[in-house]
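Good morning, everyone, and thank you for making room for me today. I would like to talk about empty space in a protein, and about what may be found in it.

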Amino acid sequence: MSKISRRKLITTGLATAAGVTGLAAAARLAKQYGLAAPDGGGIYGPGETLNYAAQRVLAKNALAREFPHSMISKAPFANEVAPPNNTFKRLQSHGFADWRLAVDGMIARPASHSLADLKAFPVGRQITEVACEEGWSYIAEWIGTPLAEVLNAAGVLPQARYVVYFSTDSDWWDSLDIDEAMHPQTLLAWGMNDGDLPVPFGGPLRIRVPRQLGYKSVKYITGLTVTDSLKHFGKGLGSASPEGGYAWYAGI
Ligand SMILES: Nc1nc2c(c(=O)[nH]1)N[C@H]1C(S)=C(S)[C@@H](COP(=O)(O)O)O[C@H]1N2
Ligand SMILES: [Mo]
């Protein structure tokens, strides 16, 4: 056998072994820890599961980077959104006084929170970056209610595994596993840079998930559903994103 073809054989063998090990590891982690990604079917599925499971095992409690005040972007970019529906316009015309956040599913105490109710919880603040999958980003201060506060008040049942969130922008819904939902930096943000959260940035309420790409930070949140399975939401892939070709788990 020539040197070249032997080397080629070895590298091909290694690559194959790495691939096989990777997929086997993904399958093993998924099984051991119940960490299969909801979009873990299909061609890229094992990769999604490996990435998600590895992140959960290695960096479950890792913190997203926080920045000093001086680094807040002077001109943050509000990504374009669909025009608001009539319900939203009506709520907006009354200063969102009648706006409510519905909390239901696998919880002991279903709730319907006004903005004032949310603001009565302990307040969370963070200066973090919104990073879009398209490459742009900006840094802002986010002020809001840690999602964990709302979930703890609701009394999450032990079998719950995910929190699904919905928006008035009906094409947008997503979900987090309980670890991400309970993470101290996951925020239901009603304030931005010391004012109310402006409507173009998702006011009156958006979720901020600073450990994941911007598309997980859905704007105009209307409700949360706690569940043990994502199968019955949309196409069962965990969010609208995988339906359009983006990963459910979008860790940065
Ligand atoms: N309701 C809703 N939420 C959304 C979007 C949207 O179009 N509608 N865009 C997402 C994407 S792709 C990104 S990158 C961020 C952008 O946040 P920004 O509008 O504050 O820049 O919002 C996310 N949340
Ligand atoms: Mo984005």
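Let me start with the residues that line the largest pocket, which by class are 13 nonpolar, 4 polar and 7 charged. Please keep in mind throughout that what you see is a predicted model. The lining that I have just divided into classes is made of 24 residues in total, and those that lie nearest the centre of the pocket are Asn-79, Glu-80, Trp-172, Tyr-215 and Lys-219. As for volume, the largest pocket holds about 410 Å³ of space.

What takes up the space of the largest pocket? The answer is ligand 1, and around this ligand there are 21 residues, with Phe-77, Tyr-138, Asp-169, Arg-206 and Lys-219 as the closest. If we sort this shell by class, as we did for the pocket lining, we find 12 nonpolar, 4 polar and 5 charged residues.

Now let us look at individual contacts, beginning with the nitrogen atoms of the ligand. One nitrogen atom of ligand 1 is 2.8 Å from an N or O atom in the side chain of Asp-169, and a nitrogen atom of the ligand also lies 3.1 Å from a backbone N or O atom of Ser-217. On the oxygen side, an oxygen atom of ligand 1 is 2.9 Å from a polar backbone atom of Asn-79, a residue that we have already met among those nearest the centre of the pocket. How much of ligand 1 does the protein bury? Taken alone, the ligand exposes 530 Å², and the protein buries 96% of that area.

Let me move on to the second largest pocket, whose volume is about 260 Å³. It is lined by 19 residues, and Leu-63, Ala-64, Pro-210, Arg-211 and Ile-252 are the closest to its centre. Both the helix α2, which spans residues 45-59, and the strand β3, which spans 124-131, supply at least two residues each to this lining. By class, the second largest pocket is lined by 9 nonpolar, 4 polar and 6 charged residues.

So far we have looked at pockets, and I would now like to turn to cavities. For those of you who are new to this kind of analysis, rolling a probe the size of a water molecule over the atoms shows where empty space is left. How many cavities of 30 Å³ or more does a search of the whole structure find? It finds 1, and the volume of the largest cavity is about 40 Å³. Its lining consists of Tyr-52, Arg-56, Ser-175, Leu-176, Asp-177, Glu-180, Gln-212, Lys-216, Trp-248 and Tyr-249. The elements that give two or more residues to this lining are α2 and β6, the latter covering 173-177, and the largest share, 3 residues, comes from β6. When the cavity lining is divided by class, there are 4 nonpolar, 2 polar and 4 charged residues.

Before I finish, I would like to point out some details of the backbone. Gly-203 and Pro-204 are joined by a cis peptide bond, with omega at about 15 degrees, and Pro-204 is placed in the loop between β8 (195-196) and β9 (206-208).

The other details concern α3, the helix that covers 86-93. At its N-terminal end, Asn-85 acts as a cap, with a side-chain oxygen 3.3 Å from the backbone nitrogen of Thr-87. After the helix comes Gly-95, whose phi is positive, near 60 degrees. Phe-96 has a positive phi of about 60 degrees too, although it is not a glycine, and this phenylalanine lies in the loop that runs between α3 and β1 (101-105).

Thank you for listening.

Conventions
Residues numbered from 1 in each chain as written. Chains lettered and ligands numbered in written order. Predicted model: local features only at pLDDT ≥ 70, side-chain atom pairs only at ≥ 80, totals over all residues. Heavy atoms only, no water. Near = heavy atom within 4 Å. Polar contact = N/O pair within 3.5 Å; in protein donor to acceptor, adjacent residues only side chain to side chain. Areas by Shrake-Rupley, 256 points an atom, 1.4 Å probe, with all protein chains shown as cover. 1 Å grid on protein atoms, 1.4 Å probe; cavity = no way out; pocket = protein on both sides within 12 Å on 5 of 7 lines; lining within 4 Å. Sits in = over half its atoms within 2 Å of the grid points. Nonpolar A, V, L, I, M, F, W, Y, C, P; charged D, E, K, R; others polar. Points joined across faces, edges and corners; volume = space filled by probe spheres on them. Helix = DSSP H or I, 4+ residues; strand = E, 2+ residues; numbered from the N terminus.
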